[in-house]
Amino acid sequence: MELALSLAVQIGGMLIMAAVGFVLVKAGVCRSEDSKLLSQVVLYASTPCAVINSFMIDLTPQRLSGFGLSILGAAAAHAVFYLASVFSTKCLKFNEAESMSCMYANAGNLILPLVLLTLGQDMVFYCSGFLMVQTVLIWTHCRMVISGEKKADIRKILLNVNILSIGVGLILFLTGLRPPAPLQSALDGMGRTIAPLSMLIIGMLTAGMDLKKVFRIRRVYLVAFFRLIVLPLLVTVLFKVTGMAGLVQGGKEILMITMLAASAPSASTVTMFSQIYGRQQYEASAINIVTVLLCILTMPFINLVYTAFM
């Protein structure tokens with residue numbers, strides 16, 4: 001119950017950050033369109049720095065096995081997400097933005113700061129397993145679906161700054177090497193901007209939309225139901241049935257992070273891709289807004305279910 005309340009408080013704080021972006025646009029300080037520049041800053045600067053920073057901890061056998069479990073849990077969760085996206089596309093006629101918003105969660109922008117504030121710095125490292133799996137899929141599968149490209153450019157994928165950041169982070173973790181103090185301070189500072197900037201983007205996008213129209217779109221609630229309720233419950237059942245938590249010491253707590261990521265709102269990266277490629281921006285933004293607003297209720301609920309069930 002304490003963690004559920006803490007989650008609600010932190011999510012509430014993030015919604016206030018989004019409100020700041022909303023007010024800035026409504027007050028004429030900036031325009032809703034300016035959020036596109038911030039989207040690129042988050043994608044290509046804040047997120048890579050946050051990922052690299054999360055790997056800068058000492059290597060121990062327990063952490064290494066726990067990291068392996070976090071990757072296994074993330075892979076299993078994304079298998080569930082993918083099957084759900086296929087079902088939603090074929091049976092519910094979800095378009096590209098709806099399907100990708102259903103499949104991909106706001107793991108980096110929301111879960112990294114949430115885990116830091118609720119579970120502590122030591123547990124942030126285990127977010128990297130989920131981020132590692134999702135980053136690869138977002139910059140391959142998700143980008144291809146949103147952009148309409150038929151084939152993935154392997155060179156572009158491998159040289160993508162977010163994929164490179166995972167490689168750099170793994171080298172730092174496995175070798176124990178650390179960057180010079182000024183660079184480490186810069187990585188830490190830039191990484192911490194991921195939450196406020198992401199929420200500002202959502203607020204700025206919201207200010208440029210007709211909210212009455214957004215909340216009247218019934219399909220948005222269908223996507224939100226899948227993203228916030230159905231998928232995290234399916235992931236929880238999968239973890240319970242497979243007994244995955246018993247593979248390593250502290251497995252239940254490590255998989256709790258995966259579950260929190262699985263119950264997060266739709267990935268803001270989907271909205272950012274929609275902006276960059278000019279495809280279904282309205283639908284992606286509407287889903288993002290509604291899921292962010294609803295997650296203040298659903299994430300603590302899913303956490304309570306996980307705690308009781310596992």
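Here's a quick briefing on the fold, the cores, two buried residues and the voids of this structure. Keep in mind that this is a predicted model. The protein comes to 16 helices and 0 strands. With a radius of gyration of 18 Å, close to the 19 Å from the globule rule for 310 residues, it is as compact as a globular protein of that length.

**Overall build**
- Laid out along its principal axes, the C-alpha trace spans about 50 × 45 × 45 Å.
- Burial takes in 52% of the 310 residues.
- Take the contacts with a separation of 6 or more: 87% of them link residues 24 or more positions apart.

**Nonpolar cores**
- The largest nonpolar core holds 89 residues. Helix α16 (residues 281-309) supplies the largest share of this core, 10 residues.
- If you want the residues with the most contacts inside that core, look at F81, Y104, I111, C142, V270 and M299.
- Pick I111 as a way in: setting aside neighbours within four places in sequence, I111 is in contact with N106, C127, L260, A261, A264 and M299. M299 turns up again here, having been listed with I111 among the residues with the most contacts inside the core.
- There's also another core lying apart from the big one, made of 5 residues, including C49, I52, L172 and L187.

**Two buried residues, T258 and G129**
- T258 sits in helix α14 (residues 251-262). Its relative accessible area is 1%, so T258 counts as buried, the cut-off being under 20%.
- Who's around T258? Leaving out neighbours within four places in sequence, the contacts of T258 are S70, G73, A74, A77, F130 and F239.
- G129 belongs to helix α7 (residues 127-147). G129 is buried because its relative accessible area, 0%, falls under the 20% cut-off.
- With neighbours within four places in sequence left aside, G129 touches F67, S70, I71 and A74.
- S70 and A74 are on both contact lists, that of T258 and that of G129.
- The pair G129 and A74 is 55 residues apart along the chain, yet their C-alpha atoms are separated by 6.6 Å.

**Second largest pocket**
- This pocket has a volume of about 190 Å³.
- Its lining is made up of S32, E33, S35, L205, G208, M209, Q275, Q281, Y282 and S285.
- By class, that lining has 6 polar, 3 nonpolar and 1 charged residues. The charged one is E33.
- Helix α16 shows up again, giving the largest share of the pocket lining with 3 residues.

**Cavities**
- How many cavities of 30 Å³ or more are there? The count comes to 2.
- The second largest cavity has a volume of about 40 Å³.
- Around the second largest cavity you'll find I11, M14, L15, N106, L110, M199, P265 and V292.
- Helix α1 (residues 2-26) gives the most to the lining of this cavity, with 3 residues.
- By class, the cavity lining has 7 nonpolar residues, 1 polar and no charged ones. The polar one is N106, which is also a contact of I111.

Technical notes:
Residues are numbered from 1 along each chain as its sequence is written. This is a predicted model: local features need pLDDT of at least 70, side-chain atom pairs count only at pLDDT 80 or more; totals for chains, interfaces and linings use all residues. Side-chain values use heavy atoms; hydrogens and water are left out. A nonpolar core is a set of buried Ala, Val, Leu, Ile, Met, Phe, Trp, Tyr and Cys residues joined through side-chain atoms within 4.5 Å. Buried means under 20% relative accessible area, exposed over 50%, partly exposed in between (1.4 Å probe, protein chains only). Helices (H or I, at least four residues) and strands (E, at least two) are DSSP runs, numbered from the N terminus. Contact means heavy atoms within 4.5 Å. On a 1 Å grid over the protein atoms alone, a cavity is a set of points where a 1.4 Å probe fits but cannot get out, and a pocket is an open set with protein on both sides within 12 Å along at least five of seven lines; lining residues have an atom within 4 Å of a point. Grid points are joined across faces, edges and corners, and a volume is the space filled by probe spheres set on the points. The radius of gyration is taken over C-alpha atoms; the globule rule is 2.2 Å times the number of residues to the power 0.38.
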